[in-house]
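The following exercises concern one protein chain and are to be worked with the structure in view. Each task is followed by a stepwise solution.

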Amino acid sequence: MTSFRTLDDLGDLTGKVALVRVDLNLPMQDGAVTDDTRVRASAPTILELAAKGAKVLLLAHFGRPKGERVSTMSVSMTLDAVQAVLGKEVMFVPEVAGPVVAQAIGILRAGDIAMLENTRFWKGEEKNDPELARAIAENGDIYVNDAFSAAHRAHASTEGLAHLLPAYAGRSMEAELKALEAALGKPVRPVAAVVGGAKVSSKLDVLTHLVTQVDHLIIGGGMANTFLAAKGVDVGKSLCEHDLADTARGILAAAEKSGCTVHLPYDVVVAKEFAANPPSLRTCNVHEVAADEMILDVGSQAVEALADVLKTCRTLVWNGPLGAFETQPFDAATVALARSAAALSKEGALVSVAGGGDTVAALNHAGVAGDFSYISTAGGAFLEWMEGKELPGVKALETA
Ligand code: ADP
Ligand code: MG
């Protein structure tokens with residue numbers, strides 16, 4: 001594994017200023033934070049640095065203000081939530097660099113925490129402008145990146161700063177990198193991947209990369225329909241990207257070439273209308289889907305076979321639900337396979353890593369998120385990592 005400095009490499013930080021990139025891009029409703037998961041993820045890092053005596057300055061973006069000061073996008077909207085999670089007072093500083101920040105540092109005592117303004121209020125952030133990075137770095141002694149979810153972007157606060165100050169991976173970043181390394185970097189084989197979700201088009205690069213990396217590729221969700229159709233199966237009025245038939249066949253051919261077994265459902269749950277518990281609901285063989293039916297979930301026989309595949313594997317990486325899980329009973333396959341994976345993980349037979357917005361929601365719905373070895377809450381960064389891309393924010397932390 002490429003190596004990173006972590007908080008273990010830091011001793012007493014009394015008198016030092018730590019610039020810490022965190023993810024405060026929190027979901028809000030009516031001015032209140034509705035989910036503080038991301039704050040809780042970085043709380044150990046923030047509190048550990050404070051306990052070591054550092055003055056901790058939080059850096060984060062919030063929304064898309066595109067280089068302008070937009071008052072409704074001040075990161076201070078998250079201040080109450082952050083203070084609640086940390087159980088400490090956090091000073092808000094409406095700048096990211098310059099004398100106002102320097103003044104704030106003068107007021108802070110060792111172990112105190114401050115939140116700097118939305119990094120994206122400055123045009124240089126998204127351009128990774130070295131001048132902005134230098135101005136921010138001037139007020140700090142060390143840089144800690146704890147925002148894996150923003151690491152797929154080369155911005156001043158996610159990448160540039162790492163070159164200007166001694167740079168460290170925070171605890172959440174460290175855990176994420178270790179889990180991802182165990183899942184696809186140097187995994188214990190055999191490795192299975194579950195890829196589901198609505199469309200092939202949104203996960204083309206993921207599929208293309210995974211067939212070269214894993215032993216079993218389990219395809220579910222709407223995207224399985226595209227593969228089935230490409231193989232000549234009539235999928236009725238299912239969600240299907242018929243224009244991607246050649247692409248799908250290309251992925252299947254690449255899989256065969258690399259010795260990756262692709263698993264497509266052979267029985268499916270269909271209905272004539274997309275609604276909860278529709279009267280037309282039935283399970284059938286994939287070759288028996290009627291012209292007026294749509295595939296909304298993987299069938300129970302296929303799920304049993306997939307659970308048997310997982311039993312032969314030692315590592316699992318999962319992105320995308322197997323069916324339209326938000327609507328009953330099209331959550332059944334996702335819930336059943338997730339429970340199998342969770343049970344194997346709990347026994348220690350499987351290392352399981354899952355990520356993706358809807359995937360995490362589906363695993364929570366199945367009540368098994370806690371039993372997976374690791375759940376990534378990073379959306380775009382997790383997908384780019386599954387595509388085999390090097391993330392600039394991660395690369396910048398690497399030590400020679
Ligand atoms: P993630 O956010 O975890 O990356 P995606 O956004 O790719 O996952 O896919 C999730 C969506 O795919 C869900 O909204 C789900 O309803 C939809 N989906 C899954 N299977 C089907 C299907 N057979 N037909 C239509 N939509 C589906
Ligand atoms: Mg999604």
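Strands, as the term is used here, are DSSP runs of at least two residues, numbered from the N terminus. The model is a predicted one.

**Exercise 1. Backbone geometry at Asp30 and Asn277**

Task: Determine in which loops Asp30 and Asn277 are found, and decide whether each is buried or exposed.

Solution.
Step 1. Asp30 belongs to the loop between strand S3 (28-29) and strand S4 (32-33). Its phi is positive, about 50°, although Asp30 is not a glycine.
Step 2. The cut-off for an exposed residue is over 50% relative accessible area. Asp30 has 82% and is therefore exposed.
Step 3. Asn277 occupies the loop between strand S13 (267-271) and strand S14 (282-285). Here too a residue other than glycine has a positive phi, near 40°.
Step 4. With a relative accessibility of 51%, Asn277 also counts as exposed.
Step 5. For context, most residues other than glycine have a negative phi, and most peptide bonds are trans.

**Exercise 2. Cis peptide bonds**

Task: State which residue is joined to Pro329 by a cis peptide bond, and where Pro190 lies.

Solution.
Step 1. Gln328 is joined to Pro329 by a cis bond, with omega about 0°. Pro329 is in the loop between strand S16 (315-319) and helix H11 (332-347).
Step 2. From Arg189 to Pro190 the peptide bond is likewise cis, with omega near 0°. Pro190 lies between helix H6 (171-185) and strand S10 (191-195), in the loop that links them.

**Exercise 3. The two domains and the nonpolar core**

Task: Describe how domain 1 and domain 2 meet, and explain why the largest nonpolar core lies between them.

Solution.
Step 1. The domain assignment gives domain 1 as residues 7-172 and domain 2 as residues 187-386. Their centres, taken over C-alpha atoms, are 37 Å apart.
Step 2. Six residues of domain 1 are in contact with eight residues of domain 2. About 510 Å² is buried between the domains, and carbon and sulfur atoms give 66% of this area.
Step 3. The largest nonpolar core has 79 residues; those that touch the most other members are Leu57, Phe148, Leu207, Leu210, Leu217, Phe227 and Trp385. Because both domains give residues to this core, it lies between them.
Step 4. Consider Phe227: setting aside residues up to four places away in sequence, Phe227 touches Val200, Leu207, Ile219, Ala248, Ile251, Leu252 and Leu264.

**Exercise 4. Aromatic rings**

Task: State how many aromatic pairs the structure holds, and characterise the pair formed by Phe382 and Trp385.

Solution.
Step 1. The structure holds four aromatic pairs. In one of them, Phe382 and Trp385 are 5.6 Å apart, centre to centre, with 40° between the planes.
Step 2. Planes under 30 degrees apart would count as stacked and those over 60 as edge-to-face, so the pair is tilted.
Step 3. Both residues lie in helix H13 (residues 380-386), three residues apart, which is about one turn of the helix. Both Phe382 and Trp385 are buried.
Step 4. A further ring, that of Tyr168, has Arg5 over its face, at 5.7 Å from the ring centre.

**Exercise 5. Surroundings of Leu161**

Task: Decide whether Leu161 is buried or exposed, and list its contacts.

Solution.
Step 1. Leu161 is in the loop between strand S8 (142-145) and strand S9 (167-169).
Step 2. Its relative accessibility is 0%, so Leu161 counts as buried.
Step 3. Apart from neighbours within four places in sequence, Leu161 is in contact with Leu59, Ala133, Ile136, Ala137, Tyr143 and Ala156.

Terms used: Residues are numbered from 1 along each chain as its sequence is written. Chains are lettered from A and ligands numbered from 1 in the order in which they are written. This is a predicted model: local features need pLDDT of at least 70, side-chain atom pairs count only at pLDDT 80 or more; totals for chains, interfaces and linings use all residues. Side-chain values use heavy atoms; hydrogens and water are left out. Rings of Phe, Tyr and Trp (its six-membered ring) pair if their centres lie within 6.5 Å; planes under 30 degrees apart count as stacked, over 60 as edge-to-face and the rest as tilted. Helices (H or I, at least four residues) and strands (E, at least two) are DSSP runs, numbered from the N terminus. Buried means under 20% relative accessible area, exposed over 50%, partly exposed in between (1.4 Å probe, protein chains only). A charge sits over a ring if NZ of Lys or CZ of Arg is within 6 Å of the ring centre and within 35 degrees of the ring normal. A nonpolar core is a set of buried Ala, Val, Leu, Ile, Met, Phe, Trp, Tyr and Cys residues joined through side-chain atoms within 4.5 Å. Domain bounds come from an automatic or database domain assignment. Contact means heavy atoms within 4.5 Å. Buried area is the accessible area (1.4 Å probe) that two parts lose on being put together, summed over both.
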